[in-house]
Amino acid sequence: MSMFEVKFNDYLEYLKYHKKILIEGSELEIGIKKRIERYQPEEFKLEETTVWSFPERGTWATHRGDYRGNWPPQLVRNLILRYSRPGEIVLDQMCGGGTTLIECKLLGRRAVGVDINFEALILCWDRLNFNIGGEGVSQADIKLYQGDARNLNLIEDESVDLIATHPPYASIIKYSRNRSSNGDLSKVSIEGFLEGMKEVAKESYRVLKPGRYCAILVGDTRRHRHYVPLAFRVMQGFLDAGFILREDVIKHQWKVRKSGERWKGLAKTAEECWAEEPFGKRYWTDFLLIYHEHLFVFRKPKKGEVLDKLSNSMKWW
Ligand SMILES: C[S@@+](CC[C@H](N)C(=O)[O-])C[C@H]1O[C@@H](n2cnc3c(N)ncnc32)[C@H](O)[C@@H]1O
């Protein structure tokens, strides 16, 4: 799939005939301009450790948190402030409801957003439709494309200062369930997802400037009574593409739905179930809830950078 630009005018045209968009079974209203109470968070502090937790999702500016599987604005604000400078270009090639793009606009970064789903891009323009003076950037500094993160053909080599993205891992939320959407990584098998993410890693490496950062948030899953370490396998794909790992941040995941929810009528403790029937059905579904995701921050080596020291230290692993 080749990229094509979705302009602000396309959004205005869409608005003439639609008042909602439909994504992953939920209808989201568009075209309603709410008064913005605060353009910036009331309290914000840069994270200083490798464990990040945001129990309350930020709601400043036009962040509404209604796009399923969106990431917290606090998270991407940390990435933007730590790894880019005002005026630089930030790419989110799976931009979803536009959290990254809104933060770029508020923090004066130029932004490029790509998503496989056209409606997601309409939603992004809807949420980017506000004016902010001062340090913010204008609509002209934001470009949105419908496209596939595995083939960013309209983005030049080594033109991006920071990548911050959040893939839809392995069929947990299906963003384009109601229509065919070739290339949607939320609709493929685990193996298909991992293969797709290897391509995403290569494209990320191609478009990023040497010496700059690429951050990606991925979680794990369970299949057939096993824990599937998706995140580490995605990480390996990025290392194989040539990146170096700078950080592995554990992001606390809030509001996780219990995988064994169908058991909720059985108000029994694990011990009681065990006593009734050791290794019984209940025992096998009584997994720990997965309460974390991995936020990997990779660096693309500089041109001619000597990596010998790194390779030597890696020998200890
Ligand atoms: C987890 S969501 C991103 C949410 C976003 N960070 C936010 O805060 O709204 C993942 C997005 O990836 C998109 N996607 C799936 N496969 C894709 C692909 N091959 N290329 C580009 N986008 C893709 C989905 O449509 C979905 O919007």
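Of the 24 residues around the ligand (those with a heavy atom within 4 Å of it), the ones that come nearest are Y67, T99, D115, A149 and G183. This is a predicted model, in which local features need pLDDT of at least 70, side-chain atom pairs count only at pLDDT 80 or more, and totals for chains, interfaces and linings use all residues. Residues are numbered from 1 along each chain as its sequence is written, and side-chain values use heavy atoms, with hydrogens and water left out.

By class, the shell around the ligand holds ten nonpolar, eleven polar and three charged residues; Gly is counted as polar here, and Asp, Glu, Lys and Arg as charged.

Several polar contacts, pairs of N or O atoms within 3.5 Å, can be described. An N or O atom in the side chain of Y67 is 2.6 Å from an oxygen atom of the ligand. A backbone N or O atom of A149 lies 2.8 Å from a ligand nitrogen atom, and a backbone N or O atom of G183 also lies 2.8 Å from a nitrogen atom of the ligand. Of the 600 Å² of accessible area (Shrake-Rupley method, 1.4 Å probe) that the ligand has on its own, the protein covers 99%.

Elsewhere, aromatic rings deserve attention. With ring centres required to lie within 6.5 Å, the count comes to twelve aromatic pairs. F8 and W125 form one that is edge-to-face (planes over 60 degrees apart), at 5.5 Å centre to centre and 75 degrees between the planes.

How values were computed:
Polar contact = N/O pair within 3.5 Å; in protein donor to acceptor, adjacent residues only side chain to side chain. Phe/Tyr/Trp six-rings, centres within 6.5 Å; stacked < 30°, edge-to-face > 60°.
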